[in-house]
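Trainee: I am new to this structure and would like a close look at a single part of it. Please take the second largest pocket and describe what surrounds it.

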Amino acid sequence: MRPWTDIPPAAAAMVADAMVTVSDFSCILDHALSEREEGRGLLTERLGLAGPEIAALRDRWLPCAGLPDLDMPAPIMPDDQRAIHTLILWRGGATTREARWLAAIIARRAMEPRHLWEDLGLPSRAALSSMITRHLPGLAAANSQNMRWKKFFYRQICSDAAFSLCLSPSCDACEERAECFAPD
């Protein structure tokens, strides 16, 4: 067995990306499981995925995890969750299984009241942005001004629907700019 220092840089980068992906999904699943244990709904309801999709995610990234509710169907998606899901898939620029899983999970968790990174169980907004950049690069590129993710989603949906979410005609002139755009 070769030490880590002998691994070609491209292979080392792939291993590092895989380790970060496992960490992302571990955080998300752990948070959803905690909410389930608190009585806030089935794992499928917390993640917005059908049980077999959760099983596939587990099998791919966390094969030893024992997860409940894997025989349950996907929950019904409310209209705004469906709109966010569609936006993420459309803007995401990726068709991997991870991108599809994350689109559903992010859309579902965007329905929760706190910051999206908190409702996903991630350690920071920067971790959320990094995850989106890795798995949904087109979505990350579309948020070029670093708008908070939930606000970005709704802003995109509202602009596509030919009406404005904000009172100001431009973000630069808005009194709430600091609430929407913030450093990581």
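Mentor: What follows goes from the whole chain to the pocket, then to the residues around the pocket, and ends with a few other places in the chain.

The model is a predicted one. The protein has 10 helices and zero strands, so its pattern along the sequence reads α-α-α-α-α-α-α-α-α-α. Of its 184 residues, 42% are buried. Among contacts between residues at least 6 apart in sequence, 64% join residues at least 24 apart.

Now the pocket. The second largest pocket holds about 160 Å³ of space. Its lining is made up of 12 residues, and those closest to the pocket centre are His115, Leu116, Arg148, Trp149 and Lys150. Three helices each supply at least two lining residues: helix 6 (116-120), helix 7 (125-135) and helix 9 (149-160). Helix 9 gives the largest share, three residues. Sorted by class, the lining has six charged residues, five nonpolar residues and one polar residue.

Lysine 150 is a useful place to start, as one of the residues closest to the centre of this pocket. Lysine 150 sits in helix 9. Its relative accessible area is 16%, and because the limit for buried is under 20%, lysine 150 counts as buried. Leaving out residues up to four places away in sequence, lysine 150 touches Arg109, Ala110, Glu112, Pro113, Arg114, His115, Leu116 and Asp119. Two names in that list, His115 and Leu116, are also among the residues closest to the pocket centre.

The next residue, lysine 151, is in helix 9 as well. Its relative accessibility is 32%, so lysine 151 counts as partly exposed. Lysine 151 and alanine 110 are 41 residues apart in sequence, and their C-alpha atoms are 9.8 Å apart in space.

Aspartate 119, one of the contacts of lysine 150, belongs to helix 6. With a relative accessibility of 1%, aspartate 119 is buried. Beyond its neighbours within four places in sequence, aspartate 119 is in contact with His31, Arg109, Glu112, Pro113, Arg114 and Lys150. Arg109, Glu112, Pro113 and Arg114 are also touched by lysine 150.

After helix 6 comes a loop that leads to helix 7, and leucine 122 lies in that loop. Leucine 122 is buried, at 5% relative accessibility. Setting aside neighbours within four places in sequence, leucine 122 is in contact with Asp24, Cys27, Ile28, Trp117, Ala127, Leu128 and Met131. Cysteine 27 is 95 residues from leucine 122 in sequence, yet the two C-alpha atoms are 5.8 Å apart.

Before helix 9 there is another loop, which runs from helix 8 (137-142) and contains asparagine 146. Asparagine 146 has a phi near 65°, a positive value in a residue other than glycine. Its relative accessible area of 26% makes asparagine 146 partly exposed.

Helix 9 and helix 6 also bring up the largest nonpolar core. In general, nonpolar side chains in soluble globular proteins tend to be buried together. The core in this model has 42 residues, and Ile106, Leu120 and Phe153 touch the most other members. Helix 5 (residues 97-109) supplies the largest share of this core, eight residues. Phenylalanine 153 touches Ile84, Leu87, Ile88, Ile106, Ala110, Leu116 and Leu139, not counting residues up to four places away in sequence. Among these, Leu116 is also one of the residues closest to the pocket centre, and Ala110 is also touched by lysine 150.

Two other places may help in reading the rest of the chain. In helix 3 (residues 51-61), the buried residues are Gly51, Ile54, Ala55, Leu57, Arg58 and Trp61. Seen down the helix axis, these buried residues fall within an arc of 160°, so they line one face of helix 3. An α-helix has 3.6 residues a turn, so residues three or four places apart point the same way.

Aspartate 69 is in the loop between helix 3 and helix 4 (79-92). Phi of aspartate 69 is near 65°, again a positive value in a residue other than glycine. Aspartate 69 counts as buried, at 12% relative accessibility.

Notes. Residues numbered from 1 in each chain as written. Predicted model: local features only at pLDDT ≥ 70, side-chain atom pairs only at ≥ 80, totals over all residues. Heavy atoms only, no water. Core = buried A, V, L, I, M, F, W, Y, C linked by side-chain atoms within 4.5 Å. Buried < 20%, exposed > 50% of the residue type's maximum accessible area, 1.4 Å probe, protein only. Helix = DSSP H or I, 4+ residues; strand = E, 2+ residues; numbered from the N terminus. Contact = heavy atoms within 4.5 Å. 1 Å grid on protein atoms, 1.4 Å probe; cavity = no way out; pocket = protein on both sides within 12 Å on 5 of 7 lines; lining within 4 Å. Points joined across faces, edges and corners; volume = space filled by probe spheres on them. Nonpolar A, V, L, I, M, F, W, Y, C, P; charged D, E, K, R; others polar. Arc of directions from axis to C-beta.
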